[in-house]
Amino acid sequence: MHPALRRLDVLLAEPCAYEALQPGDVVVFRPRDGRPPDSYVVHRIRRRTERGLVTQGDACAHPDTELLRPEQLLGRVRRVLRGGRVRPVWGGRAGRLYHL
C-alpha cells in the first residue's frame, strides 16, 4: 500500500458495514487464498460487483484475483500512526483520486 502506508506504520481501523464501503476505501481483511489463518491484507477497494468487492494494493499493478466477501472484512482503515503523529487515510472519492 505504499505510498499511502509505510513499513512500521500502525494502522487504526474501525468496524464498518460491508454495504457502507465504497471505491477508494482502504480495508483490512482476511484472505481466503490458503494463507495462514492469522494473515491480514490491507488494500484499497477498486470497485463493487454483484459477487463482491474488487481490491488492489496501491503499489500493485493489477487488482486482486479474489473478490472480498462480507465474512472476510475486519474493518476500514481511517488513520495511521506514523512518527508519533496520527494522519488520515483518505478513502471514498478522495482515496480513488489518491490512487491515480
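Is proline 88 buried, partly exposed or exposed? In this predicted model, proline 88 has a relative accessible area of 47%. That value lies between the cut-offs of 20% for buried and 50% for exposed. Proline 88 is therefore partly exposed.

The setting of this residue was examined next. Proline 88 lies in strand E6, which covers residues 85-88. Leaving aside neighbours within four places in sequence, proline 88 is in contact with Arg78 and Arg79. Strand E5 spans residues 73-82. Along the chain, proline 88 and alanine 4 are 84 residues apart. Their C-alpha atoms are nevertheless separated by 9.8 Å.

Strands E5 and E6 form a hairpin. Their pairing is antiparallel and comprises 4 bridges. Arginine 82 has arginine 85 of E6 as its bridge partner. Leucine 81 is bridged to valine 86, also in E6. The hairpin has 2 residues between its strands. Glycine 83 takes a positive phi there, near 60°.

Strand E5 also pairs with strands E1 and E2. Strand E1 is made up of residues 10-14. E1 and E5 run antiparallel and are joined by 5 bridges. Within this pairing, leucine 11 has valine 80 of E5 as its bridge partner. Strand E2 consists of residues 26-29. E2 and E5 are likewise antiparallel, with 3 bridges between them. Here valine 28 stands opposite glycine 75 in E5. Strand E5 thus has antiparallel pairings with E6, with E1 and with E2.

The loop before E5 was considered last. Strand E4 occupies residues 53-56. Glycine 57 lies in the loop between E4 and E5. Is glycine 57 buried or exposed? Its relative accessible area is 1%. Buried means under 20%, so glycine 57 is buried. Proline 88, at 47%, is partly exposed. Glycine 57 and histidine 2 are 55 residues apart in sequence. In space, the distance between them is 8.1 Å, C-alpha to C-alpha.

Technical notes: Residues numbered from 1 in each chain as written. Predicted model: local features only at pLDDT ≥ 70, side-chain atom pairs only at ≥ 80, totals over all residues. Heavy atoms only, no water. Pairing = 2+ DSSP bridges. Buried < 20%, exposed > 50% of the residue type's maximum accessible area, 1.4 Å probe, protein only. Contact = heavy atoms within 4.5 Å.
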